[in-house]
Amino acid sequence: MQAKITVTETWLRKHRHLYDGATRHPFIRSIRDGNIDISAFKTWLGQDYIFVRAFVPFVASVLTKAYKGSDDGNGDVEVILGGVAALHDEISWFKKEAFKWGAQLSNIVPQKANQEYCRFLESLISPEVEYTVAAVAFWAIENIYQESFAYCLEDDSKTPPELKETCQRWGNESFGEYCNSLRNIVDRQLEKGSDDVITKAEATLLRVLEHEVDFWNMSHGRT
Ligand SMILES: Cc1ncc(CO)c(N)n1
């Protein structure tokens, strides 16, 4: 018997072009091809540090919604808590990495695309945004990084050795499993979601894809 097609699978098929635009962006390709401009990498590093700091309260809000909103016999809270813990580690990593590259994190000004993305995250913190909708955004945000950086680690990639650790951070297998757990959470929620929630969740996914592309564009110096 064939497995049932999940909602996320349907969406990924439907929006493949946009999705690949986020995970196969020229910035990512430039890492993978080994011709990345290091100043672009440093821009990305500093801007992503700001983003991740704004991502923490967003993920905390998803955690709260999971606790309140799902009949959590499924362990959603624990999966999301794992995400919060990983972010704690990630913030330390950014500081260490910035030091390595001689970049300052304390006086970075968020660029426009980053400001808009952070504002979008803040809008999703609102209690009026359903757990399912927020969880879709969360999954998409994590999964795009996972697929993008895993792409830079494939056998035929020419990723510079000094960038491998960065790619490993999101491209490693256990981060991939974590993203799959998020995807399962999302599909379980969508399965029982109202048409209204499903429509909102799909629109939110598209907004995430656009913000991710803008974020890469900004890092690549194309804004
Ligand atoms: C812009 C952006 N998207 C996703 C992630 C994954 O956590 C990140 N660190 N930054």
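Biologist: What share of the contacts with a separation of 6 or more comes from residues 24 or more positions apart?

Modeller: In this predicted model, 86% of those contacts join residues 24 or more positions apart.

Biologist: How many helices and strands are there?

Modeller: The protein has ten helices and zero strands. Read from the N terminus, the order is α-α-α-α-α-α-α-α-α-α. The radius of gyration is 17 Å, close to the 17 Å from the globule rule for 223 residues, so the protein is as compact as a globular protein of that length.

Biologist: What box do the C-alpha atoms fill?

Modeller: Along the principal axes, the box is roughly 50 × 40 × 30 Å.

Biologist: And what percentage of the residues is buried?

Modeller: Buried residues are 49% of the 223. As for the surface, about 11,000 Å² is exposed, and carbon and sulfur atoms supply 52% of that area.

Biologist: How many positive and negative side chains are there?

Modeller: There are 25 positive and 33 negative side chains. The centres of the two sets lie 3 Å apart.

Biologist: Moving on to annotation. Where does UniProt place the "active site" feature?

Modeller: The UniProt record, an unreviewed entry, puts it at Glu212. Glu212 sits in helix 10, which covers residues 195–219.

Biologist: Is Glu212 buried or exposed?

Modeller: Buried. Its relative accessible area is 2%, and the cut-off for buried is under 20%.

Biologist: Which residues does Glu212 touch, not counting those up to four places away in sequence?

Modeller: Glu212 touches Ala22, Tyr117, Ile141, Ile144 and Tyr145.

Biologist: Staying in helix 10, what does Phe215 contact beyond four places in sequence?

Modeller: Phe215, also found in helix 10, is in contact with Trp44, Gln47, Asp48, Phe51, Ala113, Asn114, Tyr117 and Tyr145. Tyr117 and Tyr145 are on the list for Glu212 as well.

Biologist: Buried or exposed, that Phe215?

Modeller: Phe215 is buried, with a relative accessible area of 2%.

Biologist: How far is Phe215 from Lys112, C-alpha to C-alpha?

Modeller: The separation is 9.2 Å, although Phe215 and Lys112 are 103 residues apart along the chain.

Biologist: Now helix 5. What are the contacts of Glu97 there, leaving aside neighbours within four places?

Modeller: Glu97 is in helix 5, residues 76–100. Its contacts are Phe41, Leu45, Glu162, Glu165 and Thr166, so two of the residues touching this Glu are themselves Glu: Glu162 and Glu165.

Biologist: How accessible is Glu97?

Modeller: The relative accessible area of Glu97 is 1%, and Glu97 is buried.

Biologist: What about Val84?

Modeller: Val84 is found in helix 5 too, but Val84 is partly exposed, with a relative accessible area of 26%. The C-alpha atoms of Val84 and Phe55 are separated by 9.6 Å, and the two residues are 29 apart along the chain.

Biologist: Last one, Arg53. Which helix is it in?

Modeller: Arg53 is in helix 4, residues 38–69. At 46% relative accessibility, Arg53 counts as partly exposed, because exposed would need over 50%.

Biologist: And how far apart are Arg53 and Lys200 in space?

Modeller: Arg53 and Lys200 are 26 Å apart, C-alpha to C-alpha, with their positions 147 residues apart in sequence.

Terms used: Residues are numbered from 1 along each chain as its sequence is written. This is a predicted model: local features need pLDDT of at least 70, side-chain atom pairs count only at pLDDT 80 or more; totals for chains, interfaces and linings use all residues. Side-chain values use heavy atoms; hydrogens and water are left out. Helices (H or I, at least four residues) and strands (E, at least two) are DSSP runs, numbered from the N terminus. The radius of gyration is taken over C-alpha atoms; the globule rule is 2.2 Å times the number of residues to the power 0.38. Buried means under 20% relative accessible area, exposed over 50%, partly exposed in between (1.4 Å probe, protein chains only). Contact means heavy atoms within 4.5 Å. Accessible areas come from the Shrake-Rupley method with a 1.4 Å probe; for residues, only the protein chains shown count as cover. Lys and Arg count as positive and Asp and Glu as negative; His and the chain ends are not counted. The place of a charge is taken as NZ of Lys, CZ of Arg, CG of Asp or CD of Glu. UniProt positions are given in the numbering used here, feature names are shortened, and annotations may be inferred rather than shown by experiment.
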